[in-house]
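Visitor: Please take me through one part of this model in detail. I would like to look at the backbone where phi turns positive, and at the cavity inside.

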Amino acid sequence: LNSDKLYISIHNALSKQRILNELHETEERYHKLVELSPDLIALYSNKEFRYINAAGAHMLGRSTPEEIIGKSIETFLLPDYRTKTRVMLENIEQLKEVESSLEVKIIRDSNLILDVELLIMPVFYLGEPVLQIVGRDITKHKNRQQKLISITLTDELTQIPNRRKFFEHAEMHWKIAERQKQHVAILMIDIDHFKMYNDTYGHQEGDKCLISVALTLLETLNRPGDILARYGGEEFI
């Protein structure tokens, strides 16, 4: 009977040690994955960073994680994004939200601002509830997106706004004028006998004419709210 109890005790001790070893190995693997990740991965509580990986420190414009620990995330955000981020962090801390994501602009240094998507969720660290922040640099994606939007709103030949951009701009300024009880002036400008010009001198010269007219009209714009667009063909607005 004593030998059976001894066997069970040894077996339990070995099982417990094996579980502890497996947990330690799991933690080591997780730590290596975090450190090798190209994304920002951080732990945050009491309005300051408790941990951040090397990639995260680099993203925030610092050489080592130690330069980030103890600082608030708001230190690294453009002013317009600080309140929104603070409210989101507080909501998740208070369990008003399970997890959430938002796009922010991070001041990496005086000459570089990054677009970063943050995913924030509550986790436990050393037995304490903290927030895990995962940040991905989406600057290139946002730039490509902006270029695509710009292409869809720009006339390919004259490089001035197209009809779609004009209507977006006009709708916004119409609402402002209604609110402030101001007038709005709209001019439709058409090149006379343009078809005859095109037929006589060719489409290449016709294109040059349209570009020249667009540049000349652009010189007349002198207020932030003014816009010149190619309405279509030889029509400008």
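Guide: Here is a walk through the cavity, followed by two backbone positions. Keep in mind that the model is predicted.

Start with the interior. The structure holds 1 cavity of 30 Å³ or more. The volume of the largest cavity is about 40 Å³. Which residues line the largest cavity? Leucines supply L40, L60, L77 and L118. Isoleucines supply I73, I106 and I133, and F49 joins them in the lining. By class, the lining has 8 nonpolar residues, with no polar and no charged ones.

Now the backbone. Most residues other than glycine have a negative phi. K181 has a positive one, near 55°, and is not a glycine. Where does K181 sit? K181 lies in the loop between helix 5 (163-180) and strand 6 (189-190). Is the residue buried or exposed? The relative accessible area of K181 is 75%, so K181 counts as exposed, the cut-off being over 50%.

Move on to H193. Its phi is positive too, at about 55°, and H193 is not a glycine. H193 belongs to the loop between strand 6 and helix 6 (194-201). Here the relative accessible area is 63%. H193 is therefore exposed as well, again because the value is over 50%.

To recap the backbone part: K181 and H193 each combine a positive phi with a place in a loop and an exposed setting.

Technical notes: Residues numbered from 1 in each chain as written. Predicted model: local features only at pLDDT ≥ 70, side-chain atom pairs only at ≥ 80, totals over all residues. Heavy atoms only, no water. 1 Å grid on protein atoms, 1.4 Å probe; cavity = no way out; pocket = protein on both sides within 12 Å on 5 of 7 lines; lining within 4 Å. Points joined across faces, edges and corners; volume = space filled by probe spheres on them. Nonpolar A, V, L, I, M, F, W, Y, C, P; charged D, E, K, R; others polar. Helix = DSSP H or I, 4+ residues; strand = E, 2+ residues; numbered from the N terminus. Buried < 20%, exposed > 50% of the residue type's maximum accessible area, 1.4 Å probe, protein only.
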